[in-house]
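User: I have a structure to go through with you. Please explain what each label rests on.

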Amino acid sequence: MSSGIQIKPKTTIQKSKTSSPSPCSPEPAIKPQPRPSDKLNPKTIDPFGAHSRPPSAFAAIYAKGGIPCRLMHGSVKHRLQWECLPETIPFDPLLVTLAEGLRETKHPYTFVSKEGFKELLLVEGAAEKAIPLLPRLIPVLKAALAHSNDEVFLRGLDALVQLSAVVGPSLNDYLKHLLTNIQWRTQQFHEKHYFIYSSIFQGD
């Protein structure tokens, strides 16, 4: 009798171990019920939280499949995989949309917009397709060049250099709208990094 009493707790423990949920998807047996006071507690309401912020225009288009390329993670280097040949894709409105994505600060939007803009400008006949879009591209690039984020500014500057190499003199009439932004932002960029470097060396 005494041995039977000792075996029962062991078998009960084994059953509880086998019936417990896996660590990947734990589900408590009893879910805590929200208290009525939680609805009125300001700490539980965050109007500026991540869930209440609407996605950016570029992020929304990307999520809906409006950008015909996706980021492919490589062991050494990331790359884009296009759903169809870039040569067959109309530049309007994709090139403008990718330019707008240059102001993104989150992954993978930063990579997709930068790499997509560059690769689209490398296709044959890119100049003829891009020149008619200059009136819409320039304000978007200007906004990137005036952005407070250094990485956004550099992406905008790279995109402008790539665009200039493709459209050539057609960009000249628009340069006056960009040079002021470039000069002011470049000076600000250098002053910021000079202050960082000087602080480091002074600390040494």
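**Labels and their cut-offs**

Analyst: Of the 204 residues in the protein, 29% are buried. Buried means under 20% relative accessible area, exposed means over 50%, and partly exposed lies in between (1.4 Å probe, protein chains only). This is a predicted model: local features need pLDDT of at least 70, side-chain atom pairs count only at pLDDT 80 or more, and totals for chains, interfaces and linings use all residues. Residues are numbered from 1 along each chain as its sequence is written, and side-chain values use heavy atoms, without hydrogens and water.

User: What makes up the secondary structure of the protein?

Analyst: Eight helices and two strands. Helices (H or I, at least four residues) and strands (E, at least two) are DSSP runs, numbered from the N terminus. The order from the N terminus is α-α-β-β-α-α-α-α-α-α.

User: Why do the side chains of R136 and D92 count as a salt bridge?

Analyst: A salt bridge needs a side-chain nitrogen of Lys or Arg within 4 Å of a carboxyl oxygen of Asp or Glu. R136 and D92 meet at 3.0 Å, N to O, so the pair qualifies. R136 sits in helix α6 and D92 in helix α3 (residues 91-100), 44 residues apart.

User: Why is R136 called partly exposed?

Analyst: Its relative accessible area is 38%. That falls between the two cut-offs, so the label is partly exposed. D92, at 44%, is partly exposed as well.

User: What are the labels of K118 and E115?

Analyst: K118 has 31% relative accessibility, so it counts as partly exposed. E115 has 17%, so it counts as buried. Their side chains meet in a salt bridge (3.4 Å, N to O). Both lie in helix α4 (residues 109-120), three residues apart, about one turn of the helix.

User: Why does R155 have no salt bridge?

Analyst: The nearest side chain of opposite charge, E151, is 4.1 Å away. The limit is 4 Å, so the pair does not qualify. Lys and Arg count as positive, Asp and Glu as negative; His and the chain ends are not counted. R155 is buried and belongs to helix α7 (residues 150-167). A polar atom of its side chain lies 2.5 Å from the backbone oxygen of E104. For the backbone oxygen of L102 the distance is 3.2 Å.

User: How do you know that the span of helix α6 agrees with its length?

Analyst: The expected span is 1.5 Å times one less than the number of residues. Helix α6 (residues 134-145) has 12 residues, so 16 Å is expected. Its end C-alpha atoms are 16 Å apart, which agrees. Buried residues in α6 include L134, L137 and I138.

Terms used
A polar contact is a pair of N or O atoms within 3.5 Å; within protein, one must be able to donate a hydrogen and the other to accept it, and residues adjacent in sequence count only if both atoms are side-chain atoms.
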